[in-house]
Amino acid sequence: MTDEQLQALVIQISQQFFKRPFLHQARFNHRLRTTGGRYLLQSHDIEINPKQYKVHGLEELIGIIKHELCHYHLHLQNKGYRHRDQDFKKLLKKVGGSRHCKTIDGMRTEETVKYSYRCERCQQLYLRKRKIDLQKYVCGKCSGRLVATNLKNELQQL
Ligand SMILES: [Zn+2]
Ligand SMILES: [Zn+2]
């Protein structure tokens with residue numbers, strides 16, 4: 001999918017689900033790593049992580065576009081556009097957007113990843129905001145032991 005096709009898709013979803021025009025730019029941003037998409041407060045543009053589409057497909061992409069359009073339309077109307085605002089929660093539910101701008105491994109939107117771990121046995125990657133107590137927690141897939149890894153390296157491989 002090209003930027004032009006993405007732009008057309010965002011315009012279409014905006015009309016269909018929000019009954020309002022999208023008058024700014026939507027584009028893929030290859031540098032986004034931990035979020036599926038973001039809304040830029042200053043330019044009103046929307047950026048989408050291209051990996052999101054490649055990994056999760058069109059349906060997930062549409063969910064993320066709806067999520068970003070909730071930020072967009074509420075912000076332009078001076079309503080509560082943040083995740084914690086009631087306006088945002090209501091509108092998101094109404095249009096059926098993604099709860100979070102999901103990422104490849106299921107990390108939530110706009111949360112900063114600070115720690116990375118891998119399972120010794122199955123190599124499953126875990127990205128986390130908080131430290132995991134390695135004495136207490138094991139791999140959710142295979143119950144193998146988790147080891148801390150280099151976050152920078154892990155993010156580069158995504
Ligand atoms: Zn968001
Ligand atoms: Zn495992």
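# Zinc sites, aromatic cluster and helix 1

Tyr72, at 1% relative accessibility, counts as buried; buried means a relative accessible area under 20%, exposed means over 50%, and partly exposed lies in between (1.4 Å probe, protein chains only). The model is a predicted one, in which local features need pLDDT of at least 70 and side-chain atom pairs count only at pLDDT 80 or more, whereas totals for chains, interfaces and linings use all residues. Residues are numbered from 1 along each chain as its sequence is written, chains are lettered from A and ligands numbered from 1 in the order in which they are written, and side-chain values use heavy atoms, with hydrogens and water left out.

**Overall architecture**

- The chain contains 4 helices and 6 strands; these are DSSP runs numbered from the N terminus, helices being H or I runs of at least four residues and strands E runs of at least two.
- Their order along the sequence is α-β-β-β-α-α-β-β-β-α.
- Of the 158 residues in the chain, 43% are buried.
- Among contacts (heavy atoms within 4.5 Å) between residues at least 6 apart in sequence, 47% join residues at least 24 apart.

**Helix 1**

- Helix 1 comprises 16 residues, 3-18, and at 1.5 Å a residue it should span 22 Å; its end C-alpha atoms lie 21 Å apart, which agrees. The expected span is taken as 1.5 Å times one less than the number of residues.
- The buried residues of helix 1 are Leu6, Gln7, Leu9, Val10, Ile13, Ser14 and Phe18.
- Viewed down the axis of helix 1, these buried residues fall within an arc of 165 degrees, so they line one face of the helix. The arc is that of the directions from the helix axis to the C-beta atoms.
- The cover over the buried residues of helix 1 includes strand 1 (26-28), strand 3 (46-48), helix 2 (50-76) and helix 3 (86-95).
- Lys19, just after helix 1, adopts a positive phi of about 55 degrees.

**Zinc ion (ligand 1)**

- Three histidines supply the protein donors of this zinc ion: His67 (NE2), His71 (NE2) and His83 (NE2), at 2.1 to 2.2 Å. Donors are N, O and S atoms within 2.8 Å of the metal (3.2 Å for Na, K and Ca), and sites may look incomplete, since water is not among the atoms.
- Along the chain, the donors of this ion follow the spacing H-x3-H-x11-H.
- Distant parts of the chain are linked by His67 in helix 2 and His83 in the loop between helix 2 and helix 3, which are 16 residues apart.
- His67 counts as buried, at 0% relative accessibility, whereas His83 is partly exposed, with a relative accessible area of 26%.

**Zinc ion (ligand 2)**

- Four cysteines coordinate this zinc ion at 2.2 to 2.4 Å, namely Cys119 (SG), Cys122 (SG), Cys139 (SG) and Cys142 (SG).
- The site is tetrahedral, with angles of 98 to 118 degrees among its 4 donor atoms; four donors count as tetrahedral if all angles lie between 85 and 135 degrees. The ideal angle for four tetrahedral donors is 109.5 degrees.
- The spacing of these donors along the chain is C-x2-C-x16-C-x2-C.
- Cys119 belongs to strand 4 (residues 115-119) and Cys142 to the loop between strand 5 (125-128) and strand 6 (146-149), so this pair ties together parts that are 23 residues apart in sequence.
- Cys119 is buried, with a relative accessible area of 1%, while Cys142 is partly exposed, at 21%.

**Aromatic cluster**

- A search of the whole structure yields 2 aromatic pairs. Rings of Phe, Tyr and Trp (its six-membered ring) pair if their centres lie within 6.5 Å; planes under 30 degrees apart count as stacked, over 60 as edge-to-face and the rest as tilted.
- Phe22 and Tyr72 form a tilted pair, at 4.7 Å centre to centre and 55 degrees between the planes.
- Phe22 is placed in the loop between helix 1 and strand 1 and Tyr72 in helix 2, so the pair ties together parts that are 50 residues apart in sequence.
- Tyr39 and Tyr72 form an edge-to-face pair, at 6.0 Å centre to centre and 90 degrees between the planes.
- Tyr39 lies in strand 2 (residues 37-39) and Tyr72 in helix 2, so this pair ties together parts that are 33 residues apart in sequence.
- Phe22 is buried, with a relative accessible area of 5%, and Tyr39 and Tyr72 are buried as well.
- Phe22, Tyr39 and Tyr72 form one aromatic cluster.

**Loop between strand 5 and strand 6**

- Asp133 is situated in this loop and is partly exposed, with a relative accessible area of 35%.
- Asp133 and Leu146 are 13 residues apart along the chain, and their C-alpha atoms are separated by 9.5 Å.

Note on methods:
Four donors count as tetrahedral if all angles lie between 85 and 135 degrees; four count as square planar and six as octahedral if opposite donors are over 155 degrees apart and all others between 65 and 115; anything else is irregular.
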